[in-house]
Amino acid sequence: PIIGQGTYTYIIEVLPSPNFLDAGPNDSICFGGTSVLNASSSPAALSYTWSPAASLSGTSGASVSASPLATTIYEVFATFPDGCDITDNVTVIVTSNPTISLTPNNSFNCSGQSIILTATSPTAIAYNWSPGALVGNSVSVTPVSSTTYTVTATDNLGCSSSASATVNIAAPTGNVCNVLYVSPTGSPNGIGTTNDPMDLETALE
């Protein structure tokens, strides 16, 4: 027999969490760069766990470094003293570095003669050369010995790429050059420059 029957109603009220978590602002980096992610909370969380783990310097702690190869959304999971958990996310946008080409990239020249090196990039706004602290996409150089020149191209986002070209200086043969430096004390192994003159016999060969 049914002794008693009744209907009971329970109301479960979900209160807003008093806890606060912020994974930090989104960030943009150049390809190959690193972004420091800083989570903040109130009150102070007991622990922070970041994911995905790939490209992170670590997965725990309020601050971690991220070095993604492509744009990535990172999530931080925080546990608070009252036992509640909160998650938040931050996006690290990866920007490609500018492409750059350099011509001529391997040339032969006479010592003391000028040669023009030209760098080309569709997105670069600044070019810096070394050695010589030269600027601009096209520069004239006058090496007296074989020298490798490096140009760094930078775009408007601050991302950069580098390329190198070698200007080779060697003892000329035939009619390659019009000027040879010869000295009575020159060496048969000299390359025909003011700093390293040839002897006459070698120069006439």
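A nonpolar core is a set of buried Ala, Val, Leu, Ile, Met, Phe, Trp, Tyr and Cys residues joined through side-chain atoms within 4.5 Å. In this predicted model, the largest such core has 19 residues, and the members that touch the most other members are Leu21, Leu37, Tyr48, Trp50, Leu56, Tyr74 and Val76. Two or more residues come to this core from each of strand 5 (47–51), strand 6 (63–66), strand 7 (72–79) and strand 8 (85–95), and strand 8 gives the most, with four residues. In soluble globular proteins, nonpolar side chains tend to be buried together.

Tyr48 shows what the surroundings of one core member look like: when its neighbours within four places in sequence are left aside, Tyr48 is in contact with residues including Leu21, Ala39, Thr59, Gly61, Val76 and Phe77. A second core, separate from the largest one, has 17 residues, among them Ala124, Tyr127, Trp129 and Ala165.

The cysteines come next. A search of the whole structure finds one disulfide, and it is formed by Cys30 and Cys159, whose sulfur atoms lie 2.1 Å apart. The disulfide is left-handed, because the torsion about the S-S bond of Cys30 and Cys159 is about -90°. The pair links distant parts of the chain, 129 residues apart, with Cys30 in strand 2 (residues 27–30) and Cys159 in the loop between strand 14 (147–155) and strand 15 (160–169). Cys159 has a relative accessible area of 1% and is therefore buried, since the cut-off for that class is under 20%. Cys84, with a relative accessible area of 33%, falls between the limits of 20% and 50% and is therefore partly exposed.

Strand 11 (residues 115–120) gives a view of how side chains can be arranged along a strand. In a regular strand the side chains alternate between the two faces of the sheet. Along strand 11, Ile115, Leu117 and Ala119 point to one face and are buried, whereas Ile116, Thr118 and Thr120 point to the other face and are not buried. The pairings of strand 11 are set out below.

| Partner of strand 11 | Sense | Bridges | Example of facing residues |
|---|---|---|---|
| Strand 9 (residues 101–103) | antiparallel | three bridges | Ser101 and Thr120 |
| Strand 13 (residues 138–141) | antiparallel | four bridges | Ile116 and Ser140 |

Strand 11 thus pairs with strand 9 and also with strand 13. Two of the residues named in these bridges, Thr120 and Ile116, belong to the face of strand 11 whose side chains are not buried.

Conventions
Residues are numbered from 1 along each chain as its sequence is written. This is a predicted model: local features need pLDDT of at least 70, side-chain atom pairs count only at pLDDT 80 or more; totals for chains, interfaces and linings use all residues. Side-chain values use heavy atoms; hydrogens and water are left out. Buried means under 20% relative accessible area, exposed over 50%, partly exposed in between (1.4 Å probe, protein chains only). Contact means heavy atoms within 4.5 Å. A disulfide is a pair of cysteine sulfur atoms within 2.5 Å. Two strands pair if DSSP finds at least two bridges between them.
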